[in-house]
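Colleague: Could you take a close look at one part of this model for me? I'd like a walk through the core and whatever connects to it.

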Amino acid sequence: MLYQIDEVEKLSRSEIRKLYSEYVNPGLASMLGLLNFDKNFIRAEGCYVWDSEGNKYIDFLGAYGALNLGHNPREVREALNKVSSRPNLLQASLSTYAAVLGHNLSEVAPQGLKHCFFCNSGAEAVEGALKAARAATGKHKIISCEGSFHGKTMGALSATGRKKYQTPFSPLVPGFETAEYGNLDDLERKLKSKDVAAFIVEPIQGEGGIIIPPEGYLKGAGELCRRYEALLIVDEIQTGFGRTGRMFACEAEGITPDIMCVAKSLGGGIMPAGAFITTLEVWEKAFGGMEKCLLHTSTFGGNTMACAAGIASINAIVENKLPERAGEMGRYMLDGLKVMKDRYSMIKDVRGRGLMVGIEFETAEKGLLNRITGGAVNKFYREFTGAMVAGELLNGHRIITAYTLNNPNVIRLEPPLIITKEDIDYLLNALEDIFSKNSDLFKLTFRTVKTVAGSLFSR
Ligand SMILES: Cc1ncc(COP(=O)(O)O)c(C=O)c1O
């Protein structure tokens, strides 16, 4: 039996969970079910989603930076409608829309970045950038940072600084090393031998826990790369398209990297799209001329729909001045969170730039409980506090957030850049409510255990 598209909407949540467990990822189905995270969301617009019971939720997660324009933005839907009868995939001819998106991306990118390679995701953009760096320099060593996240395909994973994601897949691609994030001396030690093709770095580490490096770090890294003849690849996949208060976060230090990776909001929150953009010089060395122009390709990369979404998305971000808006709203949110940090000891730190904000929780329970469990309680807090607070926000206040992948005791706030002050106030009040009711971690744990038990017994 095959389901028809019209039948899909009629499936109940328990039928969907069963299908997902049976045919997709059973572990994920269990995990989301346990914390009661999995709802039947049936509509989405702007910063909001609605479940099948008519409840409205505010999305403060924003698909990790893929929803800078919000859910289903009008401008992007209109662009997709306009091109819907054009050929979407036709490799025998140059894609009109890829040519135009290339031009537009170059217009908004740091000066000097020009040639684009289009693909379908962030990891693919990183793969392409790493290959371009190796081909352009003739060297193979790549330096990335501890705590970094660049994606989960083999090359991108080799640059991702978290053992948990790497270990089951080893051996990874040879030639990768890490340097401490934010530490130029360490980077210089790694670059000195002049055998490095590229240093790849996020302007702010997203999955690492919203980590902002010291001022001048990117600029210094660029200078070191030039001195030791390595390329600088900046991964703007999460920070790009206005998120941090500028079109691209690296602009804060006035630099032009040799290669920049983008994805997420490039597709306007609807189409999968990624790209790397590089200088004429790097492009010529890596892929210049007819002999090398097809060294790196992708069937769906540069398809009409994705590029039309990209053109509309960039225009909407520029026309609506979303980078400026992100700066203003981000300051407002961070100011509110800082007040809360001074009042609640379970908040260790709040930090961010623009609408890329993290709340880090205290994980040290110094009492008897931790000692008699041999440190297990602290380990539990480190792994689960972010998830517990995110669960409370979702189930108690209908606010969607999540913890960061490499640092689970940090929850990240990356709402669409169109978020309003009223919605930020609603979030701040909800957090106030959670922190005042759970003045210590133990109470929060207890409440979460009740949710988990509740969702187990309601099955
Ligand atoms: C900085 C950064 N690079 C790369 C990626 C990988 O992107 P994708 O999940 O589209 O492969 C991500 C995803 O979160 C990211 O945040």
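Which residues does Ala-198 touch, not counting residues up to four places away in sequence?

Modeller: Happy to. Keep in mind that this is a predicted model. Leaving out residues up to four places away in sequence, Ala-198 touches Leu-130, Ala-133, Ile-142, Ala-230, Leu-231 and Ile-233. Two of those partners, Leu-231 and Ile-233, turn up again when you look at the largest nonpolar core: together with Ala-198, Phe-199 and Ala-275, they touch the most other members of that 121-residue set. Helix H14, residues 304-319, is the top contributor to this core, giving ten residues. The core also draws on both domains, with at least three residues from each of domain 1 (13-71 + 322-457) and domain 2 (74-319).

That brings us to the domains themselves. Domain 1 comes in two stretches, 13-71 and 322-457, while domain 2 is 74-319. Taken over C-alpha atoms, their centres are 28 Å apart. Where they meet, 31 residues of domain 1 are in contact with 27 residues of domain 2. On the domain 1 side, the elements giving two or more residues are H4, helix H15 (322-343), and the strands E11 (347-353), E12 (356-361) and E15 (407-413). H15 has the largest share there, at five residues. If you sort that side of domain 1 by class, you get 14 nonpolar, twelve polar and five charged residues.

H4 deserves a second look. This helix covers residues 62-65 and holds Ala-63, whose phi is positive, about 50 degrees, even though it is not a glycine. Most residues other than glycine have a negative phi, and most peptide bonds are trans. As for its surroundings, Ala-63 has 16 other C-beta atoms within 10 Å, so it counts as partly exposed.

Lys-194 is another non-glycine residue with a positive phi, near 60 degrees. You'll find Lys-194 in the loop between helix H10 (184-191) and strand E7 (196-201). Lys-194 counts as exposed because 11 other C-beta atoms lie within 10 Å of its own, and the cut-off for exposed is 12 or fewer.

While you're checking backbone geometry, flag the peptide bond from Ser-170 to Pro-171 as well: it is cis, with omega near 0 degrees. Pro-171 sits in the loop between helix H9 (163-166) and strand E6 (176-179).

Next, the ligand. There are 15 residues around it, and Gly-122, Ala-123, Gly-151, Ile-237 and Gln-238 come nearest. Helix H7, residues 122-137, gives the most to this shell, with three residues. Broken down by class, the shell has six nonpolar, six polar and three charged residues.

Last stop, a small piece of sheet. Four strands make an open sheet in the order E1-E2-E3-E13, and the pairing is mixed. Strands E1 (41-45) and E13 (399-400) are at the edges, each pairing on one side only. E1 runs antiparallel to E2 (residues 48-51), and the two share four bridges. Within that pair, Glu-45 stands opposite Tyr-48 of E2.

Definitions and conventions
Residues numbered from 1 in each chain as written. Predicted model: local features only at pLDDT ≥ 70, side-chain atom pairs only at ≥ 80, totals over all residues. Pairing = 2+ DSSP bridges. Buried ≥ 20, exposed ≤ 12 C-beta atoms within 10 Å, placed from the backbone. Near = placed C-beta within 6 Å. Nonpolar A, V, L, I, M, F, W, Y, C, P; charged D, E, K, R; others polar. Core = buried A, V, L, I, M, F, W, Y, C linked by C-beta atoms within 7 Å. Domains from an automatic or database assignment. Contact = placed C-beta atoms within 7 Å.
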